[in-house]
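Thanks for making the time this morning; I would like to walk you through one chain, going from element to element. Please have a look at the sequence and the structure first, and then I will start.

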Amino acid sequence: MYILGIETSCDETAASVVTRDGNGKPQLLSNVVLSQIDEHSEFGGVVPEIAARAHLSAIDHIISQALLEAKTDLSNIEGIGVTSGPGLVGGLMVGLMTTKAISASRGIPYLGINHLEGHALTARLTDDVAYPYLLLLVSGGHSQILRVDGLGDYTRLATTIDDAVGEAFDKTAKLLGLGFPGGPNVEKAAQTGDATRFKFPMPLRGQETLNMSFSGLKTAIRTEAQKLVPLNEQDIFDLCASMQKTVAEILANRCERAMVQCDDINTLVVAGGVASNIEIRARLDLLCEQNDYTLIAPPLKLCTDNAAMIAWAALERFERGEKSPMDLAPRSRWPLDGSTESVIGSGRKGAKV
Ligand code: KG4
Ligand code: ZN
């Protein structure tokens, strides 16, 4: 089964083709991602209208490119998976309308996929990970720890009560003049920084809850930065290194508590844009080693937004016989675990401006 995936929920226009080989092993045939960073950088964040227009002008070409790289064409595609939420509605509509047009004109079934499910299942595409596993989902709009017991069977164990981790990186970068997108810039600056120079707070640590909080981190960094004005380059590197270390500690601490709750699980999967951070991966690796867990961290290019994860989630759902109706509407909010109460900052993915 060749599945085409399409992703337009934020600021990447992406298309991909996945399948299984003769032995049932997942195969990634192409993964094309066009980032809109240049279009948005002068505004310091993603501007929804610009994003939607950029998706519209790029999507046909990106789909053609993904088919070409997979050495196939639409006649071989047996299903299409498209992100239908959560995300910026203008962008989601571009992907969804394009998909519906191909579906109707070619008679190919399609599925609207939850972007977060895409991140959640990436490790099954890259590492053929078996259910159940613990999932640390850390991106620009989400910070959650979930139990993944099967396709569509997600239990949220923890969420952020305010900012997402990626948002904390983006805000730190903005505050220190490192530009957009924040995560990779903070990580780069941190490489030559002293992570022990500043002690930042770790809110909610030691409390019963597994939830996380990151908004205080920005305030703490601002307070330290104000004391140092004018900041030299080394100050900025040290602030970034200390911030990154604090985030890694918070995430490791919460994951460790989740491991205690889920004593029938021994695999931790990390997903989402922040999962491409090497320091955070290293800290989680250590945590897993200490707790007899296996850490599965997808390759960097499959941690940040892409369409391979959407194609893969669709493949799993097509195999279960599902398909979406033509009147499916995009959803700006769409929590993975619908049974949990909504917490501000969770289940949300919107403009980062
Ligand atoms: O998953 P993603 O590509 O998009 C969303 O679904 O949000 O994640 C983007 C987020 C941004 O906030 C970005 O700053 C952060 O992931 N990010 C990083 C790194 N690369 C991307 N954060 C820390 N370190 C990185 N290397
Ligand atoms: Zn994402």
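Let me begin with a convention, since the element names depend on it: helices are DSSP runs of H or I with at least four residues, strands are runs of E with at least two, and both are numbered from the N terminus. In those terms, Asp-292 sits in the loop between α9 and β10. Please also keep in mind throughout that what you are looking at is a predicted model.

I stay with Asp-292 for a moment, because at a relative accessibility of 68% it counts as exposed. Its phi is near 55°, a positive value in a residue that is not glycine, and the residue comes just after α9. As a general reminder, most residues other than glycine have a negative phi, and most peptide bonds are trans. A second case of this kind is Lys-71, which is not a glycine either and has a positive phi of about 55°. Lys-71 belongs to the loop between α2, residues 48-69, and β4, and with a relative accessible area of 76% it is exposed.

While we are on backbone geometry, there are two cis peptide bonds to point out. One runs from Gly-85 to Pro-86, with omega near -15°, and Pro-86 is found in the loop between β4, residues 77-85, and α3, residues 89-106. Another joins Tyr-131 and Pro-132, with omega about -5°, and Pro-132 lies in the loop between α4, residues 115-127, and β6.

Now back to helix α9, which covers residues 278-290. Does its length fit what one expects of a helix, or depart from it? At 1.5 Å a residue, its 13 residues should span 18 Å, and the C-alpha atoms at its two ends are indeed 18 Å apart, which agrees. Its N-terminal end is capped by Asn-277, where a side-chain oxygen lies 3.0 Å from the backbone nitrogen of Glu-279.

Which residues of α9 are buried? They are Ile-280, Arg-281, Arg-283, Leu-284, Leu-287 and Cys-288. Seen down the axis of α9, these buried residues fall within an arc of 165°, so they line one face of the helix. In general, an α-helix has 3.6 residues a turn, so residues three or four places apart point the same way. The cover over the buried residues of α9 includes β6 at 133-138, α5 at 165-175, α8 at 233-261, β9 at 267-271 and β10 at 294-296.

The face of α9 turned away from the buried side carries the exposed residues Glu-289 and Gln-290. For Gln-290 the relative accessibility is 53%, and since exposed means over 50%, that residue counts as exposed. The C-alpha atom of Gln-290 is separated by 19 Å from that of Ile-145, a residue 145 positions apart from it along the chain.

One of the elements covering α9 is α8, so let me turn to that helix. α8 has 29 residues and reaches 43 Å from its first C-alpha to its last, close to the 42 Å expected at 1.5 Å a residue. The helix is mostly covered, with 22 of its 29 residues buried. At its N-terminal end, Asn-232 acts as the cap, with a side-chain oxygen 3.0 Å from the backbone nitrogen of Gln-234.

A few words on the cysteines. How many disulfides are there? The count comes to 0. Cys-262 is in no disulfide, and the nearest cysteine sulfur, that of Cys-255, is 11 Å away. At 2% relative accessibility Cys-262 counts as buried, and Cys-240, at 0%, counts as buried as well.

Finally, the N-terminal strands. Strand β1, residues 2-7, pairs with β2 in the antiparallel sense over 5 bridges, and Ile-3 has Val-18 in β2 as its bridge partner. These two strands form a hairpin with 4 residues between them. On to the next pairing: β2 and strand β3, residues 26-35, are antiparallel over 9 bridges, with Glu-12 standing opposite Ser-35 in β3. β2 and β3 also form a hairpin, with 5 residues between them, and Gly-24 in that turn has a positive phi of about 85°. As for β2 itself, residues 12-20, 8 of its 9 residues are buried, so the strand is largely enclosed by the rest of the structure.

Technical notes:
Residues numbered from 1 in each chain as written. Chains lettered and ligands numbered in written order. Predicted model: local features only at pLDDT ≥ 70, side-chain atom pairs only at ≥ 80, totals over all residues. Heavy atoms only, no water. Expected span 1.5 Å × (residues − 1). Buried < 20%, exposed > 50% of the residue type's maximum accessible area, 1.4 Å probe, protein only. Arc of directions from axis to C-beta. Contact = heavy atoms within 4.5 Å. Polar contact = N/O pair within 3.5 Å; in protein donor to acceptor, adjacent residues only side chain to side chain. Pairing = 2+ DSSP bridges. Disulfide = S-S within 2.5 Å.
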